[in-house]
Amino acid sequence: MDHFAFTDGVLHAEQVPLPAIAEAVGTPVYVYSRATLTRHARVFRDALTSALDKPHIAFAVKSNPNLAVLKLLAKEGYGADVVSGGEMERALAAGIPAEGIVFSGVGKTTAELVRGLEAGIGQFNLESEEEGIELAALATARGLTAPAVLRVNPDVDAGTHGKISTGKAENKFGVPYDRAAAMFGRLAVLPGLNLRGLAVHIGSQLSKLDPMEAAFARLGDLMHTIRAAGHEVSHMDLGGGVGVPYKADDVFPSPEDYATMVARVTGNWGVTLMFEPGRIISGNSGVLLTQVVRVKPGVTSPFVIVDAAMNDLARPALYDAWHDFLAVTPSGERTTAHIVGPICESSDTFAMGRDIDTVQAGDLAVFRTAGAYGATMANTYNSRALVPEVMVDGDKWAVVAQRIDPAAILAAERVPDWLE
Ligand SMILES: Cc1ncc(COP(=O)(O)O)c(C=O)c1O
Ligand SMILES: N[C@@H](CCCC[NH3+])C(=O)O
């Protein structure tokens, strides 16, 4: 488990025993390892840079937008793939240069497009002809030229969970493959737009490279068609999506496998390749630390009720996602149990009939592989606190996002006079 390992029978994040963090910050709390994040960032970057000529790597901020995480990745030379004005401001605040920022997203508002133009971001990934026309006009009005690529929907099945697949024709993302070449021609001539290539992203948590390879090959064919029509293509954005193992026995492609495949498909493209990895960088760098509230008998198995819930880690409720559950101080005994949170709906279930470390009220435990799409998807449903985040670095650690208590959220609300 990388830099999360047992020392003297207690689970540590690097050299920090997790009970020390629970004691000081309370639970639930996300805990990130600086060493793991750094290692993942370097392994991925090195794999791509040794197989390809000067790739641009933009971290998918949505997977973990914590400012400390972004700062660390900025230092590792990463750009940022953002999908909202909020993510753009975070990337800029973390010191990621504007020219390293790629703005994806199917519904960029006028205000977001303007902010991106004024900040001088490196690339807009257009999701429709309408967006391209608007961006061109906004840029022209400001005497600017917007660097852009056109996101294409290749109609390829990513073979991942339906809710995180983005590359089938029925998905809302990108423009239809068969219409893309003509659309490129119409957009390429607009003043204010430097339409310089294509983008694709067929989904997240892909366990196999074949669907990506098929999508990239289709994108390459389209690139040749566009060039044959007389347009220059200098940048091709291959998105993110490489999956990570959530279970010990799962086998996933390595960054080297991915880089080799990309080099094979794109060998003769003669462009700057761009990437938008999220989960492969941040996924295994974090755990969600929780405390067992109590254990109650059930008809089939006992319910282990923990103080983390679907509002803190939404993935199991949304995608039936698996997150390993480990006692922080395991006794050595095992049991079969359901792991649930305190929220008032049955989707607040982390696991059913799972073989786990035997735990009791008051014990600490972690959900593993929670560094991607964990804290970023947290909310305050059931008027719960917004979960805090901690980063560990060797034997030191710091709170990198404070818990926001229900009282603070309550204080932000107002009852109008006419209801008094
Ligand atoms: C356009 C785009 N780029 C990058 C990503 C990052 O994906 P992942 O975290 O799977 O690498 C996503 C999410 O699926 C995305 O929608
Ligand atoms: N939120 C999803 C990933 C979405 C990827 C966004 N394009 C997950 O937790 O797996």
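Which exposed residues does the face of helix 4 turned away from its buried side carry? Gly86 and Ala93. I'll come back to that helix. One caution before we go on: this is a predicted model.

Let me start with the overall layout. The domain assignment splits the protein in two. Domain 1 is made of 4-32 + 283-411. Domain 2 runs over 34-280. Their centres, taken over C-alpha atoms, are 32 Å apart.

Now the contact between them. Domain 1 puts 23 residues in contact with 21 residues of domain 2. On the domain 1 side, three elements each supply at least two residues: helix 11 (315-319), strand 20 (389-393) and strand 21 (396-401). Strand 20 gives the most, with four residues. By class, that side of domain 1 has twelve nonpolar, seven polar and four charged residues.

On to the ligands. I'll take ligand 2 first. Its surroundings are Lys62, Ile164, Ser204, Gln205, Arg315, Tyr319 and Tyr373. That shell divides into three nonpolar, two polar and two charged residues. Where does ligand 2 lie with respect to the domains? Domain 1 and domain 2 both give residues to its shell, so ligand 2 lies between them.

Ligand 1 next. Here 17 residues form the surroundings. The closest are Ala60, Ser204, Gly240, Glu276 and Gly278. By class, the ligand 1 shell has ten polar, four nonpolar and three charged residues. Note Ser204: it is among the closest to ligand 1, and it also belongs to the surroundings of ligand 2.

What does the record say? UniProt, in an unreviewed entry, has a "binding site" annotation. It covers Gly241, Glu276, Pro277, Gly278, Arg279 and Tyr373. Glu276 and Gly278 are also among the closest residues to ligand 1. Tyr373 is in the list around ligand 2.

Two of the annotated positions deserve a closer look. Gly278 is in the loop between strand 13 (272-275) and helix 10 (279-282). Is Gly278 buried or exposed? Buried: 24 other C-beta atoms lie within 10 Å, and the cut-off for buried is 20 or more. Beyond its neighbours within four places in sequence, Gly278 is in contact with Phe59, Ala60, Lys62, Ser63, Gly240 and Ala372.

Arg279 is in helix 10. Arg279 counts as buried too, with 25 C-beta neighbours inside 10 Å. With sequence neighbours within four places left aside, Arg279 is in contact with Ser63, Ser204, Gln205, Gly243, Val244 and Ala372. So Ser63 and Ala372 appear in the contacts of Gly278 and in those of Arg279.

Back to helix 4, residues 85-93. Its buried residues are Glu87, Met88 and Ala91. Why do they line one face? Seen down the helix axis, they fall within an arc of 105 degrees, so they share that face. The cover over them includes helix 3 (67-75), strand 6 (79-82), strand 7 (101-103) and helix 5 (110-119). The opposite face is where Gly86 and Ala93 are exposed. After helix 4 comes Gly95, with a positive phi near 90 degrees.

Helix 3 is part of that cover. Its own buried residues are Ala68, Val69, Leu70, Leu72 and Leu73. Just after helix 3, Gly77 also has a positive phi, about 85 degrees.

To close, one point to keep in view: ligand 2 lies between domain 1 and domain 2, as both give residues to its shell.

Terms used. Residues are numbered from 1 along each chain as its sequence is written. Chains are lettered from A and ligands numbered from 1 in the order in which they are written. This is a predicted model: local features need pLDDT of at least 70, side-chain atom pairs count only at pLDDT 80 or more; totals for chains, interfaces and linings use all residues. A residue is near a molecule or strand if its C-beta atom, placed from the backbone, lies within 6 Å of it. Ala, Val, Leu, Ile, Met, Phe, Trp, Tyr, Cys and Pro count as nonpolar, Asp, Glu, Lys and Arg as charged, and the others, Gly among them, as polar. Domain bounds come from an automatic or database domain assignment. Two residues are in contact if their C-beta atoms, placed from the backbone, lie within 7 Å. A residue is buried if 20 or more other C-beta atoms lie within 10 Å of its own, exposed if 12 or fewer, and partly exposed in between; C-beta atoms are placed from the backbone. The arc is that of the directions from the helix axis to the C-beta atoms. UniProt positions are given in the numbering used here, feature names are shortened, and annotations may be inferred rather than shown by experiment.
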